[in-house]
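Colleague: I'd like to learn how to read salt bridges and burial in a model. Could you walk me through it?

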Amino acid sequence: MKKPVLVVTSHFIKPVERRIDNEYEVRCKGDGTSFTREELLTAANGADAILITPFDRLDADFFRRVSPSVKVISTTSVGVDHIDMHAAAERNIAIGYTPAEVTDATADIAMLLLLGASRRAFEAQDLVRTGEWTVPRAAALLGWQVTGKTLGILGMGRIG
C-alpha cells in the first residue's frame, strides 16, 4: 500500500520524525531552511497533507494556488491566526491544530518570564556572560519581590 504524501515545513525531535518517516512519504527541505511560498506550493503538488508551523503564513492566495490533492493541513500551534480559515473552508481543506498540547508549558513560561522580569534575570545573565559582573553592577539589579504582590489574570482560559 502506498503511503500518503506529507509535506513537512520544520524539523522535530527524533521520535516524531521517525513516526513521520514510517507513516508517510515525506517531502521536506533537508538543509534546515524554511520553504519559500513557491517552494511550498511546488512541494504540495500531488501531496495529501501539509504539516506547518506558525511561521508558515497561509493566506487566501496560497489556498487559491495549492494543489487540489491537499486535503488536510495541520499546524504545530494552538492558534490558527497564520492560516486563512475561510479560504481553507472554501477549498474544503481540513485544518488541524493543537489546542491543548502546550497549555501547561505556556503557563510555566509565563511564570518564568514573570519571575525573570521581577529579578532582572536577563540583565544579570548578560553581565555574567560578558564578564562584566561586579558587586556594584549586581547591586543595581536587585529587582523586586513577587511575594505579597497581587497578580491579575485577564481571561480565565486553559492557561489562566
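Colleague: Let's start with Arg 19 and Glu 23. Where do they both lie, and how many residues apart are they?

Modeller: Bear in mind that this model is predicted. Both residues sit in helix α1, which covers residues 14-23. They are four residues apart, and that is about one turn of the helix.

Colleague: What do Arg 19 and Glu 23 form with each other?

Modeller: Here's the general idea: side chains of opposite charge can pair when their charged atoms come close. In this case, Arg 19 forms a salt bridge with Glu 23, and the closest N and O atoms are 3.0 Å apart.

Colleague: Is Arg 19 buried or exposed? And how do I tell?

Modeller: Look at the relative accessible area: over 50% counts as exposed, and under 20% as buried. Arg 19 comes out at 56%, so we call it exposed. Its partner Glu 23 has 37%, which makes Glu 23 partly exposed.

Colleague: Which residue does Arg 65 pair with at 2.7 Å?

Modeller: That's Glu 38; the 2.7 Å is the distance between the closest N and O atoms of this salt bridge. Arg 65 belongs to helix α3 (residues 60-65) and Glu 38 to helix α2 (residues 37-43), so the pair ties together parts that are 27 residues apart in sequence. Both ends are partly exposed, Arg 65 with a relative accessible area of 40% and Glu 38 with 43%.

Colleague: Which other side chain meets Arg 65 in a salt bridge, at 3.5 Å?

Modeller: Asp 61 does, with 3.5 Å from N to O. Asp 61 and Arg 65 both lie in helix α3, four residues apart, about one turn of the helix. Asp 61 is partly exposed too, at 29% relative accessible area. Salt bridges that share partners link up further: Arg 37, Glu 38, Asp 59, Asp 61 and Arg 65 are joined into one network.

Colleague: How many salt bridges does the count come to?

Modeller: Eight, if you count a Lys or Arg side-chain nitrogen within 4 Å of a carboxyl oxygen of Asp or Glu.

Colleague: Now for burial. Is Ser 118 buried or exposed?

Modeller: Buried: Ser 118 has a relative accessible area of 1%, and the cut-off for buried is under 20%. You'll find Ser 118 in helix α5, which runs over residues 103-118.

Colleague: Which residues does Ser 118 touch, leaving out those up to four places away in sequence?

Modeller: With those left out, Ser 118 touches Gly 143, Trp 144 and Val 146.

Definitions and conventions: Residues numbered from 1 in each chain as written. Predicted model: local features only at pLDDT ≥ 70, side-chain atom pairs only at ≥ 80, totals over all residues. Heavy atoms only, no water. Helix = DSSP H or I, 4+ residues; strand = E, 2+ residues; numbered from the N terminus. Buried < 20%, exposed > 50% of the residue type's maximum accessible area, 1.4 Å probe, protein only. Contact = heavy atoms within 4.5 Å.
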